[in-house]
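Me: I would like to go through this structure by question and answer. Please keep each reply short and end on the value or name I ask for.

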Protein chains: 2
Amino acid sequence: MAKGKTFIISGPSGVGKSTVLRELFKDRDDLYFSVSATTREPREGEQDGVSYHFINVERFQEMIEADAFLEYAEYVGNFYGTPKKYVDRAMNEGKDVILDIEVQGALQVCTKRPETIRIFIAPPSWDELERRLKSRGTDSDEKIQKRLVRAKAELQTADVYDYFVINDSVDRAVREINAIMLAEHCKPAERMKILKE
Amino acid sequence: MAKGKTFIISGPSGVGKSTVLRELFKDRDDLYFSVSATTREPREGEQDGVSYHFINVERFQEMIEADAFLEYAEYVGNFYGTPKKYVDRAMNEGKDVILDIEVQGALQVCTKRPETIRIFIAPPSWDELERRLKSRGTDSDEKIQKRLVRAKAELQTADVYDYFVINDSVDRAVREINAIMLAEHCKPAERMKILKE
């Protein structure tokens with residue numbers, strides 16, 4: 001059995017990443033969605049080990065010292081990190097792993113594991129991203145403008161990504177991500193082993 | 001409209017490349033199969049411009065001097081080459097181009113155009129390749145053994161390929177080639193243009 005691979009999926013707020021990921025995971029038990037560890041309090045309805053692995057700051061600190069994270073970051077006073085353990089277990093079971101993380105986290109993972117494949121989900125245009133952020137109706141105009149500036153800034157550092165998936169339709173985005181995952185399994189390193197015997 | 005890309009598809013004799021290519025081209029008018037030029041005489045039923053572009057040795061020589069080939073080679077006294085003209089025209093029309101050429105030709109193309117994507121179709125195992133060659137019933141045992149040695153030698157230089165497609169079933173091979181083509185269109189160089197405006 002071939003080992004699984006790890007795929008980072010990043011994308012700006014409002015691009016529709018959650019919908020794409022939900023579609024991607026339909027009927028796919030050969031795919032593992034990496035659950036982050038966090039020091040923040042569970043919200044109502046959140047299950048430990050499903051939404052997040054809820055741990056305290058001391059444990060988080062221990063894990064940093066044990067190099068047990070692929071990446072970690074602070075966000076409004078709480079810590080978030082990707083534990084290596086579950087990612088490695090899934091890959092050893094032959095499953096591909098999806099990491100839903102930001103550009104900064106992607107850079108950290110790729111320093112530790114350059115073989116990780118990085119996919120950036122981009123909007124068809126900036127106008128469309130603005131339209132989507134407005135239609136969610138959750139943010140003020142000022143917040144939307146901030147999100148747009150942040151998205152453009154992210155894209156300036158997005159050269160680190162291996163692939164760009166344009167989310168102009170969910171079906172197309174999912175088809176492209178699936179194609180990327182399959183194509184990556186056709187890379188020589190893995191396949192040559194079979195025939196160089 | 002995005003420009004097309006060129007994909008080289010190579011593979012040892014008996015691997016089933018023709019069947020895979022026939023399946024791949026079904027209902028795909030967005031795909032162009034590169035027709036070679038040759039100095040050999042047309043055989044019965046062969047159409048100029050369809051099977052080959054039939055040209056004489058003088059013309060072939062002129063084309064070499066004009067750097068009009070992506071690659072060329074001699075094979076049992078005749079010359080074969082891939083004219084740049086039709087490949088470029090198809091790519092400019094937004095079509096992806098398939099070049100069905102050998103490892104040596106692939107090396108020539110990639111010296112001229114490193115951006116060309118190289119796919120090697122491999123058998124699931126050497127035993128299976130031998131079985132397929134025998135089941136064709138066209139070659140003597142000695143010729144089959146020669147083909148096997150040649151296939152193994154080719155694979156030693158096959159590190160130049162970007163992808164390995166294992167032809168254990170035609171459907172799977174076609175699905176993998178389609179995934180590779182789609183994934184290659186998700187590479188940043190092409191996609192970033194849209195968003196860096």
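The turns below go from overall fold to interface, then to single strands and residues.

Me: What kind of model is this, and how many helices and strands are in chain A?
Reply: This is a predicted model. Chain A mixes both element types. The count for chain A is eight helices and nine strands.

Me: What radius of gyration does chain A have, and what would a compact globule have?
Reply: The C-alpha atoms of chain A fill a box of roughly 60 × 40 × 30 Å along the principal axes. With 197 residues, a compact globule would have a radius of gyration near 16 Å. The value for chain A agrees with that: 18 Å.

Me: What share of the contacts in chain A joins residues 24 or more positions apart?
Reply: Of the 197 residues, 31% count as buried. For contacts, take those with a separation of 6 or more. Residues 24 or more positions apart account for 67%.

Me: Which element of chain A gives the most to the side that touches chain B?
Reply: On chain A, 19 residues are in contact with 19 residues of chain B. β9 (163–166), α7 (170–184) and α8 (188–195) of chain A each supply at least two residues of that side. With five residues, the top contributor is α7(A).

Me: How do the residues of that side of chain A divide into nonpolar, polar and charged?
Reply: The side in question is the one that touches chain B. No polar residues appear there. The division is 15 nonpolar and four charged.

Me: Which residue of β6(A) stands opposite A:T38?
Reply: Strand β3 (residues 37–38) and strand β6 (residues 78–83) of chain A run antiparallel. Two bridges join them. Opposite A:T38 stands A:Y80.

Me: Which residue in the hairpin of β5(A) and β6(A) takes a positive phi?
Reply: β5(A) and β6(A) pair in the antiparallel sense over six bridges. In this pairing A:E71 stands opposite A:T82. The hairpin has two residues between the strands. The positive phi, near 35°, belongs to A:V76.

Me: Is A:A66 buried or exposed?
Reply: A:A66 is found in the loop between α2 (57–65) and β5 (69–75) of chain A. A residue counts as exposed if 12 or fewer other C-beta atoms lie within 10 Å of its own. A:A66 has 9, so the class is exposed.

Me: What distance separates the C-alpha atoms of A:A66 and A:D29?
Reply: The two residues are 37 residues apart along the chain. Their C-alpha atoms are separated by 30 Å.

Note on methods. Residues are numbered from 1 along each chain as its sequence is written. Chains are lettered from A and ligands numbered from 1 in the order in which they are written. This is a predicted model: local features need pLDDT of at least 70, side-chain atom pairs count only at pLDDT 80 or more; totals for chains, interfaces and linings use all residues. Helices (H or I, at least four residues) and strands (E, at least two) are DSSP runs, numbered from the N terminus. The radius of gyration is taken over C-alpha atoms; the globule rule is 2.2 Å times the number of residues to the power 0.38. A residue is buried if 20 or more other C-beta atoms lie within 10 Å of its own, exposed if 12 or fewer, and partly exposed in between; C-beta atoms are placed from the backbone. Two residues are in contact if their C-beta atoms, placed from the backbone, lie within 7 Å. Ala, Val, Leu, Ile, Met, Phe, Trp, Tyr, Cys and Pro count as nonpolar, Asp, Glu, Lys and Arg as charged, and the others, Gly among them, as polar. Two strands pair if DSSP finds at least two bridges between them.
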